[in-house]
Amino acid sequence: MARVLIGLWNGLSIGEHTSEEEYARHSLKEHEELMDAIEKGNSEKAASLMGEHIMRSYRDALTHF
């Protein structure tokens, strides 16, 4: 799984109006919330957060193409 994810990652998915620092803070918050949901066994919340994270990353990545 890790190899698949690493292969998909194409660098920072920064939106047009986002600094690297803002991106890092937002991304860290997303990952912390996701890990919290997983650790608490809240699969519905984890799935929702992961979906939101993927879609945000997708939208941000499109700003570079």
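**Exercise 1. Find the helix that holds methionine 50, and work out which surface patch this residue helps to make.**

Step 1. Methionine 50 lies in helix H3. Helices (H or I, at least four residues) and strands (E, at least two) are DSSP runs, numbered from the N terminus.

Step 2. Check its exposure: at 31% relative accessibility, methionine 50 counts as partly exposed. Here buried means under 20% relative accessible area, exposed over 50%, and partly exposed in between (1.4 Å probe, protein chains only).

Step 3. Met50, Ile54, Met55 and Tyr58 make a nonpolar surface patch of about 380 Å². Patches are made of residues with over 30% relative accessible area and no salt bridge; like charges are joined within 9 Å, and nonpolar side chains (Val, Leu, Ile, Met, Phe, Trp, Tyr) within 5 Å. Areas come from the Shrake-Rupley method with a 1.4 Å probe, and for residues only the protein chains shown count as cover.

A quick note before you go on: this is a predicted model, where local features need pLDDT of at least 70, side-chain atom pairs count only at pLDDT 80 or more, and totals for chains, interfaces and linings use all residues. Residues are numbered from 1 along each chain as its sequence is written, and side-chain values use heavy atoms, with hydrogens and water left out.

**Exercise 2. Describe the protein as a whole.**

Step 1. Count the elements: you get 3 helices and 0 strands, in the pattern α-α-α along the sequence.

Step 2. Look at burial: 25% of the 65 residues count as buried.

Step 3. Now the surface: about 5,400 Å² is accessible, and 60% of that belongs to carbon and sulfur atoms.

Step 4. Take the contacts (heavy atoms within 4.5 Å) between residues at least 6 apart in sequence: 50% of them join residues at least 24 apart.

**Exercise 3. Check the length of H2 and sort its two sides.**

Step 1. The expected span of a helix is 1.5 Å times one less than its number of residues. For the 20 residues of H2 that should be 28 Å, and the end C-alpha atoms are 28 Å apart, which agrees.

Step 2. List the buried residues of H2: Tyr23, Ser27, Glu30, Leu34 and Ala37. Seen down the axis, they fall within an arc of 90°, so they line one face of the helix. The arc is that of the directions from the helix axis to the C-beta atoms.

Step 3. Turn to the face pointing away from that buried side: Glu21, Arg25 and Glu39 are the exposed residues there.

Step 4. Just after H2, glycine 41 has a positive phi of about 75°.

**Exercise 4. Which residues pair up in salt bridges?**

Step 1. A salt bridge is a side-chain nitrogen of Lys or Arg within 4 Å of a carboxyl oxygen of Asp or Glu. The structure holds 4 of them; let's go through three.

Step 2. Glutamate 21 and arginine 25 meet at 2.6 Å, N to O. They sit 4 residues apart in H2, so about one helical turn separates them. Both residues are exposed.

Step 3. Lysine 29 and glutamate 33 meet at 2.7 Å, N to O. This pair, too, is 4 residues apart in H2, about one helical turn. Glutamate 33 is partly exposed at 33%, and lysine 29 is partly exposed at 47%.

Step 4. Glutamate 30 bridges to arginine 56, with the closest N and O atoms 2.8 Å apart. Glutamate 30 lies in H2 and arginine 56 in H3 (residues 43-62), so the pair ties together parts 26 residues apart in sequence. Both glutamate 30 and arginine 56 are buried.
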